[in-house]
Amino acid sequence: MKIDFAKSEQSTLGLEWEIALVDSATGELTAGANDILAKVSADHPEVMNDGEHPHIKGEMLLNTVELVTGICHTVAEGTEDLRRNLNIVREAAHPLGLDLLSAGTHPFSNPRTQEVTNKERYSKLVDRTQWWGSQMLIYGVHVHVGLDHVSKAMPVLDGLVNYFPHFQALSASSPFWNGEDTGYASQRALMFQQLPTAGLPFQFPTWDAYESYVQDMFTTGVIDTTSEIRWDIRPVAGLGTVEMRICDGMSTLEEIGAIAALTQCLVEDFSTTLNDGGTIPTMPPWHVQENKWRAARYGMDAIIILDAAGKEQLVTEHLVELLNKLEPVAARLGCADELASVESIVAKGASYQRQRRVAAAHSGDLRAVVRELVAEMATN
């Protein structure tokens, strides 16, 4: 099976941000996406394409809208695109009594009572996956980075896998689930991987080997389209990108910019290595799997495995070393300020840490956590 990989300009960006809609009075999730999309359509007819806004879309659950940027050359361009469309959604949401929130999960709303968007692919997913499919009350941020040649797709994916725990720890924002503290920094990470073809990617030496895998998935009826391969990091052949899907939802554009810069810099660095004839080291799958669990469980306090030899280090300490290494890359790409914001996340705490502090200060009242998440979104 041949899968054509579109040629992209190296290290261009695309960002996707899933946002939850909550009742302004109660903080409960609300199925308001259709109303918001209808208002956006009415207010901005000049940009609509076949009845849809090109950058504001619905998602699986009716309590969710997704912002999708165009092709961007810099992180600043990408975050500004998100800000512009966030304001459009906010203007549509507030008259409906809705606030906006972004985290890996909602702290207390019941997953089983959320309404699913009326589309065949969503109903098929829930029917096939049953209880797990009805639990997908999760939100994320995805970063696409362009690759200028298909031969880079698998090595770059392998390279990003090495930094899985760094992205997970920085973005972890889902400590609570259905009103309960799970003890994890990211409940979303463990929930999402229950879907078929979701979770950690398989690692292939060549694009041909990936094509053979996809052929097997089609032949055995596991997937009907390549988009149903829901790996945490995946190639997107139609766009000519590698897509980093590790991250929980994040409340601020500063955090999204930091994650986007880290992704863009790593991919650019890998690309340079490959252009120079070098190779990208990999770790055994069992080390990768353990790193994912440690980062989901312990977040910023995770001691992660760094290489195939089993060397370990606190993730925040390794992040400092990584940022120093990537400084020249960030300068070339024009995202030095955004990359430096990774240190700000470490300093003020990731969202899961901030949420737990708010809950503790309010005797465990998770409505206070929702109010704080809404307030953080309002700063954008």
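Leaving aside its neighbours within four places in sequence, which residues is F167 in contact with? Counting contact as heavy atoms within 4.5 Å, F167 touches L160, M244, I246, C247, I259, L262, T263 and L266.

A word on the ground rules. This is a predicted model, where local features need pLDDT of at least 70, side-chain atom pairs count only at pLDDT 80 or more, and totals for chains, interfaces and linings use all residues. Residues are numbered from 1 along each chain as its sequence is written, and side-chain values use heavy atoms, with hydrogens and water left out.

**The cores**

F167 is also one of the residues with the most contacts inside the largest nonpolar core, together with W17 and Y210. That core has 91 residues. A nonpolar core here is a set of buried Ala, Val, Leu, Ile, Met, Phe, Trp, Tyr and Cys residues joined through side-chain atoms within 4.5 Å. Buried means under 20% relative accessible area, exposed means over 50%, and partly exposed is in between (1.4 Å probe, protein chains only). Helix α8 (residues 253-275) gives this core its largest share, 11 residues. Another core lies apart from it, with 28 residues, including A20, M191, A368 and V369.

**The cysteines**

With a disulfide taken as a pair of cysteine sulfur atoms within 2.5 Å, the count comes to 0. Here is how two of the cysteines sit, neither of them in a disulfide:

| Cysteine | Nearest cysteine sulfur | Relative accessible area |
|---|---|---|
| C72 | C335, 13 Å | 2%, buried |
| C247 | C265, 14 Å | 0%, buried |

**Helix α9**

Helices (H or I, at least four residues) and strands (E, at least two) are DSSP runs, numbered from the N terminus. Helix α9 covers residues 285-298, and its 14 residues should span 20 Å at 1.5 Å a residue. The expected span is 1.5 Å times one less than the number of residues. The end C-alpha atoms are indeed 20 Å apart, so the two values agree.

Which residues of α9 are buried? They are H287, V288, N291, K292, R294, A295 and A296. These pack against the helices α4 (153-161), α5 (164-171) and α6 (187-192), and against the strands β8 (198-199), β12 (303-305) and β13 (312-314). After α9 comes G299, with a positive phi near 60 degrees.

**A look at E80**

E80 lies in helix α2 (residues 75-93). Is E80 buried, partly exposed or exposed? Its relative accessible area is 38%, so E80 counts as partly exposed. The C-alpha atoms of E80 and L15 are separated by 11 Å, with the two residues 65 apart along the chain.
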